[in-house]
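Work through the exercises below with the sequence and the structure in view. Try each task before reading its solution.

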Amino acid sequence: MSDISGLPARRAALQMIDAVLHRGETLETVERNALRRIRGPADQALARAIAGETLRWLTDLDMMIDSAMKKPLPHDAKPRSVLRLMLAQWLRLDTPPHAVIATALPLLTGGPRRLAHGVFSTLNKRDGLVLPDIPTLAPEVEFRWGDRADAIAAGIVTPPPLDLALKDWSQTEERAEAMGGISLAPGHIRLPRGTPIDQLPSYKDGDWWVQDLAATLPARLLGPGAGKRVLDLCAAPGGKTMQLAAAGWNVTALDISERRLDRVRQNLERTGLQAEIIKANALTWRPAKQFDAILLDAPCTATGTCRRHPDVVHRIGERQIEEQAELQNALLERAVEWLPEGSTLIYAVCSLESSEGEAQAESVNLAPVPITSEELPGGLEPTKDGWLKTDPGMLADAGGLDGFFVGRWRK
Ligand SMILES: C[S@@+](CC[C@H](N)C(=O)[O-])C[C@H]1O[C@@H](n2cnc3c(N)ncnc32)[C@H](O)[C@@H]1O
């Protein structure tokens, strides 16, 4: 089978889609395994693109498949999965139908193969068959995202550009120009998607790191540190640790995962920044000193990263949201308890779900310090309650941004 050129890429894409949709695995985890057997980077990129486009447009692809069948195919049936990736290639990646058929049908045998061939040919003959301008969301997702659902869905269509965070903000303009990028905030540079990071100037010098603009906002909202002490609670892999250290804070970075803390250590070493590192479970740990600020970047469902992780929309449901909300609530309680009078708390999650954002913020029994427009990159506004809520539909003309919820309080 693997003699057919392009077949391993399709087989890997099928494996990736099935692992996400039927076993709830993350695309990132399953990718490593699925792409191992593919040799060239071009075929690896193709497998990624097929899986990504299939997941971005899944609801629409399923509606097309259903429209061509008398009896609906079960959602976990292999011919449905193969048809999904066939349609994604044809309608999103401009693969000619004959090439789609030649490379995907060998993934099936017998009756299922004839079925997939028949359904694809029926759809192929249909006049004017196109995908809508923006992906259709599953009804439960649309309900959760409310009046932002359409804008977010539009933001999911294109994978995100590459955002860099600079250690030294005074170099923003000259570096943006040297790299051919744009800047939407001091210390931020945006480059086209696919820019190879290890070939950019001064990668080895550690003058910058990769961080979505939205992910930089929680630490920006603490302002300069001037040697004050901050607890970076849930710190790994260390994006915010580096920001805080670069802004002059004396940082204690705590995380439960030793493996992820290794990434913090590597990041600090590459950028020449410093932080005290603690491996601990924040639910049982007790601080031995007081902090001027705590930044809690809590574990979450990460639905705000749906542009780069299109699997998240299909893996996350009420159960996962509730589980994360419970953990966030417990972590917030600890942070509030440890905060001395006169100190600042920032709570952040890269989630679009109000149970993980607004509902958590409303449970905090401290005086909010409302976030103001002046503190945010142009084009972003705080909510009427003084929180910040970004989503992939915002700053769309400049390439969009990830979804984050951020709240700020003083004790
Ligand atoms: C959203 S990530 C943090 C991202 C990080 N702040 C950054 O900017 O790079 C959440 C982190 O919480 C950590 N975590 C989850 N449960 C924890 C707990 N009970 N105690 C401490 N850390 C925990 C995870 O290991 C994960 O690294």
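Three exercises follow, on domains, a sheet and a ligand shell.

The model is predicted: local features need pLDDT of at least 70, side-chain atom pairs count only at pLDDT 80 or more, and totals for chains, interfaces and linings use all residues. Residues are numbered from 1 along each chain as its sequence is written.

**Exercise 1.** State the domains of the chain and describe the contact of domain 2 with domain 3.

Step 1. The assignment, automatic or from a database, gives domain 1 (7–125), domain 2 (161–211) and domain 3 (217–410).
Step 2. Nine residues of domain 2 and 12 residues of domain 3 make up the contact (C-beta atoms, placed from the backbone, within 7 Å).
Step 3. On the domain 2 side, five are nonpolar, two polar and two charged (nonpolar: Ala, Val, Leu, Ile, Met, Phe, Trp, Tyr, Cys and Pro; charged: Asp, Glu, Lys and Arg; polar: the others, Gly among them).
Step 4. The C-alpha centres of these two domains are 22 Å apart.

**Exercise 2.** Give the strand order of the open sheet and explain why β2 and β3 each have one side without a neighbour.

Step 1. The order is β2-β1-β3, paired antiparallel (strands are DSSP E runs of at least two residues, numbered from the N terminus; a pair needs at least two bridges in DSSP).
Step 2. β2 (188–191) and β3 (208–210) are at the edges with a single partner strand each, so one side of each lacks a neighbour in the sheet.
Step 3. Strand β1 (residues 162–166) is joined to β3 by three bridges, and L166 is opposite W208 in β3.

**Exercise 3.** Describe the residues around the ligand.

Step 1. There are 16, and C234, G239, I256, A282 and D297 come nearest (C-beta atom, placed from the backbone, within 6 Å).
Step 2. By class, the shell has eight nonpolar, four polar and four charged residues.

Notes:
Two residues are in contact if their C-beta atoms, placed from the backbone, lie within 7 Å. Helices (H or I, at least four residues) and strands (E, at least two) are DSSP runs, numbered from the N terminus.
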